[in-house]
Amino acid sequence: MTYADPIDEATAREMQLIEIALANRTHPEPRSPICKNCGEPSLPATSYCSSECREDDERIERAKQHRRVA
Ligand SMILES: [Zn+2]
């Protein structure tokens, strides 16, 4: 697509980038009141009871993603 006005083209490109960014934005999971790793009550503003559990669960999630790709 070509535009006579370079400013219009820049605006259109910018809009497109914003749309792509919005489409690709990952929605953060809602916080869980219980630890996603062990089921204990989670800390406020987190989905885990401890940083160890968060790291464990993140490791498991990463492993799952690797399996899905492989
Ligand atoms: Zn836990």
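**Exercise 1. Work out how arginine 59 and aspartate 56 are placed relative to each other in this predicted model, and what their side chains do.**

Step 1: Start with the backbone. Arginine 59 and aspartate 56 both sit in helix H2, and 3 residues, or about one turn of the helix, separate them.

Step 2: Now look at the side chains. The closest N and O atoms of arginine 59 and aspartate 56 are 3.1 Å apart. The cut-off for a salt bridge is 4 Å, and the pair does form one.

Step 3: Check the surroundings of the acid. Aspartate 56 has a relative accessible area of 33%, so it goes down as partly exposed.

**Exercise 2. Find the salt-bridge partners of glutamate 58 and lysine 64, and say how far along helix H2 each pair is spaced.**

Step 1: Take glutamate 58. Its side chain meets that of arginine 54 in a salt bridge, at 3.3 Å from N to O. Glutamate 58 and arginine 54 are about one helical turn from each other, because they are 4 residues apart in helix H2.

Step 2: Take lysine 64. Here the partner is glutamate 61, with an N to O distance of 3.1 Å. Lysine 64 and glutamate 61 lie 3 residues apart in helix H2, so about one helical turn separates them.

Step 3: Add the accessibilities. Glutamate 58 comes out at 34% and is partly exposed; arginine 54 is also at 34% and partly exposed. Lysine 64, at 37%, counts as partly exposed, and glutamate 61, at 31%, does as well.

Step 4: Put the pairs in context. The structure has 4 salt bridges by this rule, among them glutamate 58 with arginine 54 and lysine 64 with glutamate 61.

**Exercise 3. Identify the protein donors of the zinc ion and decide which geometry they make.**

Step 1: List the donors. They are the SG atoms of Cys35, Cys38, Cys49 and Cys53, at 2.3 to 2.4 Å from the zinc ion.

Step 2: Read off the spacing. Along the chain, the zinc donors follow C-x2-C-x10-C-x3-C. Within this set, cysteine 38 in the loop between H1 and H2 and cysteine 53 in helix H2 are 15 residues apart, a pair that links distant parts of the chain.

Step 3: Test the angles. For a tetrahedral call, all of them must lie between 85 and 135 degrees. The 4 donor atoms subtend 105 to 117 degrees around the zinc ion, so the arrangement is tetrahedral.

**Exercise 4. Sort the four zinc donors Cys35, Cys38, Cys49 and Cys53 by burial, then say how many disulfides the structure holds.**

Step 1: Set the bar. Buried means under 20% relative accessible area.

Step 2: Apply it. Cysteine 35, at 3%, is buried, and so is cysteine 53, at 10%. Cysteine 49 has 23% relative accessibility and counts as partly exposed; cysteine 38 has 42% and is partly exposed too.

Step 3: Count the disulfides. A disulfide is a covalent bond between the sulfur atoms of two cysteines. The structure holds 0 of them.

**Exercise 5. Locate alanine 45, then describe its phi angle and its accessibility.**

Step 1: Place the residue. Alanine 45 belongs to the loop between helix H1 (6–24) and helix H2 (51–69).

Step 2: Check phi. For alanine 45 the angle is near 70 degrees, which is positive even though the residue isn't glycine.

Step 3: Check accessibility. Exposed means over 50%. Alanine 45 reaches 57% relative accessibility, so it counts as exposed.

Notes:
Residues are numbered from 1 along each chain as its sequence is written. This is a predicted model: local features need pLDDT of at least 70, side-chain atom pairs count only at pLDDT 80 or more; totals for chains, interfaces and linings use all residues. Side-chain values use heavy atoms; hydrogens and water are left out. Helices (H or I, at least four residues) and strands (E, at least two) are DSSP runs, numbered from the N terminus. Buried means under 20% relative accessible area, exposed over 50%, partly exposed in between (1.4 Å probe, protein chains only). Donors are N, O and S atoms within 2.8 Å of the metal (3.2 Å for Na, K and Ca); water is not among the atoms, so sites may look incomplete. Four donors count as tetrahedral if all angles lie between 85 and 135 degrees; four count as square planar and six as octahedral if opposite donors are over 155 degrees apart and all others between 65 and 115; anything else is irregular. A disulfide is a pair of cysteine sulfur atoms within 2.5 Å.
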